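The following paragraphs go through a single protein model, starting from charged side chains and moving on to its nonpolar interior, its pocket and its backbone. Please keep the sequence and the coordinates open while reading.

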Amino acid sequence: MSHVHVSSHPLVKHKLTKLRDKETNPKKFRELIREIAILLAYEATLDLALEPAAVTTPMGEAAGFHLQEKIGLVPILRSGLGMVEGIWEMMPSAEVWHIGLYRDEDTLQPVEYYNKLPIIPTVRVCLVLDPMLATGGSAVATVDILKHWGAHRIKFVGILAAPEGVEALTAAHPDIPIHLATVDERLNEVGYIVPGLGDAGDRQFGTG
Ligand code: URA
């Protein structure tokens, strides 16, 4: 599973522990999601293409680089929203394209309700953002949408995964790198990650 990257960064592990804590309030929870997302995106973007770009400093000319590829941040609504802002600060020229999927509670299958992607792709690299890779249904559906759209390179950036979700995304899209803070034990009978952190949407938005 060399395309699955589980962060070994001590800051990620420390923040993840606070994120899981049931006593963590929504404000702190949002801050942690944001901070972990930045750290994971740093790891996920290590191979972005660069082009040489000279720069004039107050002292003279220096060799430098610009990012070559247009980046799209693709949060899966609604829990992916909390991962956008921090990453966007690191790459302010990125475009943000929201994908709305909800999970049918009976079938556990994703149902699309929001997608405003234009016909012609406007970005080359897409980072799909969803803190929870549970059944994998939403991630698989989003990557389907982005491939169909014409995105050249797609990466999934999540925080917690169940082994079932990693397997489902890998089986459907073996070419997609998966960046995570951790892979937990299992999914429970209603599709929640165990031990997980509960409902990532409710905990961010205070709706639990
Ligand atoms: N979505 C969540 O918010 N939590 C889970 O455990 C699984 C899916």
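K28 and E31 form a salt bridge whose closest N and O atoms lie 3.7 Å apart, where a salt bridge is defined as a side-chain nitrogen of Lys or Arg within 4 Å of a carboxyl oxygen of Asp or Glu. Because K28 and E31 are three residues apart in helix α2 (residues 26-44), about one helical turn separates them; helices (H or I, at least four residues) and strands (E, at least two) are DSSP runs, numbered from the N terminus. K28 counts as partly exposed at 34% relative accessibility, and E31 is also partly exposed, with a relative accessible area of 28%. In these terms, buried means under 20% relative accessible area, exposed means over 50%, and partly exposed is what falls in between, with a 1.4 Å probe and protein chains only.

Before going further, note that this is a predicted model, in which local features need pLDDT of at least 70 and side-chain atom pairs count only at pLDDT 80 or more, while totals for chains, interfaces and linings use all residues. Residues are numbered from 1 along each chain as its sequence is written, and side-chain values use heavy atoms, with hydrogens and water left out.

A search of the whole structure finds 12 salt bridges. Side chains of opposite charge can pair when their charged atoms come close. One of these pairs joins E23 to K22, with 3.4 Å between the closest N and O atoms, and both E23 and K22 are exposed. Another salt bridge brings together the side chains of R186 and E185 at 3.7 Å from N to O; here R186 is partly exposed at 38% relative accessibility, whereas E185 is exposed, with a relative accessible area of 57%.

Salt bridges also link D47, E69, R153 and K155 in a network. Is K155, a member of that network, buried or exposed? K155 is found in strand β12 (residues 153-157), and its relative accessible area of 5% makes it buried. The side chain of K155 reaches the backbone oxygen of A44 at 2.9 Å, and a polar contact, also of 2.9 Å, joins the side chains of K155 and D47. A polar contact is a pair of N or O atoms within 3.5 Å; within protein, one must be able to donate a hydrogen and the other to accept it, and residues adjacent in sequence count only if both atoms are side-chain atoms. Leaving aside residues up to four places away in sequence, K155 touches A44, D47, C126, L127, V128, I176, P177 and H179, contact being taken as heavy atoms within 4.5 Å.

From these charged groups the path leads to the nonpolar interior. The largest nonpolar core has 35 residues, and L19, L73, L129 and I159 have the most contacts inside it; such a core is a set of buried Ala, Val, Leu, Ile, Met, Phe, Trp, Tyr and Cys residues joined through side-chain atoms within 4.5 Å. Two or more residues of this core come from each of α1 (10-20), α2, β6 (71-77), α3 (84-90) and β10 (125-129), and α2 gives the largest share, nine residues. Among the residues that I159 touches, not counting those up to four places away in sequence, are L16, L19, I33, I36 and L40, together with D130 and P131. A second, separate core of 27 residues includes L101, L117, L133 and V140.

Rolling a probe the size of a water molecule over the atoms shows where empty space is left. The largest pocket has a volume of about 520 Å³. On a 1 Å grid over the protein atoms alone, a pocket is an open set of points where a 1.4 Å probe fits, with protein on both sides within 12 Å along at least five of seven lines, and lining residues have an atom within 4 Å of a point. Of the 25 residues that line this pocket, S79, R103, D130, M132 and S138 are the closest to its centre.

The backbone itself deserves a last look. The peptide bond from L77 to R78 is cis, with omega near 0°, and R78 lies in the loop between β6 and α3. The peptide bond from V194 to P195 is likewise cis, with P195 in the loop between β17 (193-194) and α6. G196 lies in the loop between β17 and α6 and counts as buried at 4% relative accessibility.

Methods: Grid points are joined across faces, edges and corners, and a volume is the space filled by probe spheres set on the points.
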